[in-house]
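Colleague: Please take one strand of this model and go through it closely. I would like to know what lies beside it and how far the prediction can be read there.

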Amino acid sequence: MGTATDRLCGQDDGERGLGLRAPRSHDRPKAVNESDTCGGVLAGEQKGKRMSRVRVLVGTRKGAFILTADGKRDNWTIDGPFFGGWEIYHIKGSPADPNRIYASQTSGWFGQVIQRSDDGGKTWEPVGNHVEYDGVPGTHQWYDGTQHPWEFARVWHLEPSLADPDTVYAGVEDAALFRSTDGGLTWHELSGLRRDSSGHLWQPGAGGMCLHTILLDPDNPGRIFAAISAAGAFRSDDGGKTWLPINRGLHSEYIPDPEAEVGHCVHRIALHPSRPQVLFMQKHWDVMRSDDAGESWHEISGNLPSDFGFPIAVHAHEPETVYVVPIKSDHEHFPPEGKLRVYRSRTGGHEWEALTNGLPQRDCYVNVLREAMAVDALDPCGIYFGTTGGQVYVSADSGDTWQPIVRDLPAVLSVEVQTLP
Amino acid sequence: MIRVVLPPHLRIMARVDGEIVLEVEGAVTLRSVLDALEAAYPVLRGTIRDQATQRRRPFLRFFACQQDLSHQPPDDPLPDAVTTGTEPLVILAAIAGG
């Protein structure tokens, strides 16, 4: 496994991607089981069908912004700020109804607000914000190893149901999973996650103890994946009633037992909807893969210049094409060498190429947070990410070339994309 | 008639300009004023005090008549000048950067 520092010293992490024309998605043969959809996009979209619009939903430290363009993705309209001055941790549209969008609006002063739009983000109404743990919430580990009471801080992630616009899941800090089935008016905890998964052993990372990733299995409505910093990945096969830790194969030097069942700082997991049993993970350190719905994991960091990072995303039409943004280390949250590089693997991991065309290659010290990368469903697939410096970049050719959509937003917390007819 | 001044973010949330005027039944206390405020503007529930514990959010303060009332028990009466509407109850967001 080694340390990322070892790799940084021993690797040529230069411009492997420069000057190369990576094959475009339409150059490549389509795998038999490749799906035409990806998470967060309209059901029934067909590869090759020319979509007319994309809507990029951006959450920042000081409000939300909505960026729209046609299918060429080169001429953008910027709307916002919405909820100016508030932290928008996440904003995401319903795959079943793209006009239905949910936003997590939060503030250290005024607490949590959930906003809902029913007209594609033009107008918004606050819905329910009473997010109360089920029963006596108990305690988890604090930074110093003592037990600390569970306290609600904010909603990190909102995951609308794949089929029902009124059903939406919320991942919160302190870590727990909630569900609303009435469009966000009321929220109920799926408390089996905390009870079944050794919640007293979970601990906060630097950003707090947050449930930040929720993945819904399109083939199995009862299957939900969730990821928590710093606890690990978890799976339910019964709609969220009961849960299992799925962390076998993870190795984390920052916990007493590096291979413990829980305690791992998982930063993000991703899947391709055509193969929901294959999971990709950006852990605190290490990029990992599971081919059995999380039953076991193996490392795929390969030749990355650093395997620390936050987001991970899968190409909309190529289930073996994966994107990460290497960050130097857990104490230096910026790109190695001041070069902002997305790395792409077309082999499901191990072999990675730097994507640099259009990205700053000197004096760049921004971060890309875990929620801040997304893909659209167009062909070629569009890749999007936002930075803590306020830039939102788009690649309309699967990562080969990049351009900023906008350069000077507040620090970007989250990026989601809707592909619209 | 009770006058309440909200911080700017909550004025936007409640879609009001300037002061809010409330009618409060019975004793005029922090609790009864906040109850009336949240009944009139449900969108403010949870933004000033925690919905489960009813505790004031730590970065908010309650001022009136040149006094800091943030730490007085929620069922203590508010100053006469607030109960008569001469002075407003000011809900203030702490100056803590951002």
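Modeller: What follows is a look at strand β6 of chain A and its neighbours. This is a predicted model, in which local features need pLDDT of at least 70, side-chain atom pairs count only at pLDDT 80 or more, and totals for chains, interfaces and linings use all residues. Residues are numbered from 1 along each chain as its sequence is written, and chains are lettered from A and ligands numbered from 1 in the order in which they are written.

β6(A) spans residues 111-117; strands (E, at least two residues) are DSSP runs, numbered from the N terminus. Seven of its seven residues are buried, meaning that 20 or more other C-beta atoms, placed from the backbone, lie within 10 Å of the residue's own.

Strand β5 of chain A, residues 101-107, pairs with β6(A) in the antiparallel sense over seven bridges. Pairing requires that DSSP finds at least two bridges between two strands. Within this pair, A:Ser104 has A:Ile114 as its bridge partner, and the link from β5(A) to β6(A) is a hairpin through three residues.

β6(A) also runs antiparallel to strand β7 of chain A, residues 125-126, and two bridges join them. Here A:Arg116 stands opposite A:Glu125 of β7(A).

As for confidence, chain A has a mean pLDDT (the predictor's confidence in each residue, from 0 to 100) of 89, with 88% of its residues at 70 or more.

Note on methods
Buried ≥ 20, exposed ≤ 12 C-beta atoms within 10 Å, placed from the backbone. Helix = DSSP H or I, 4+ residues; strand = E, 2+ residues; numbered from the N terminus.
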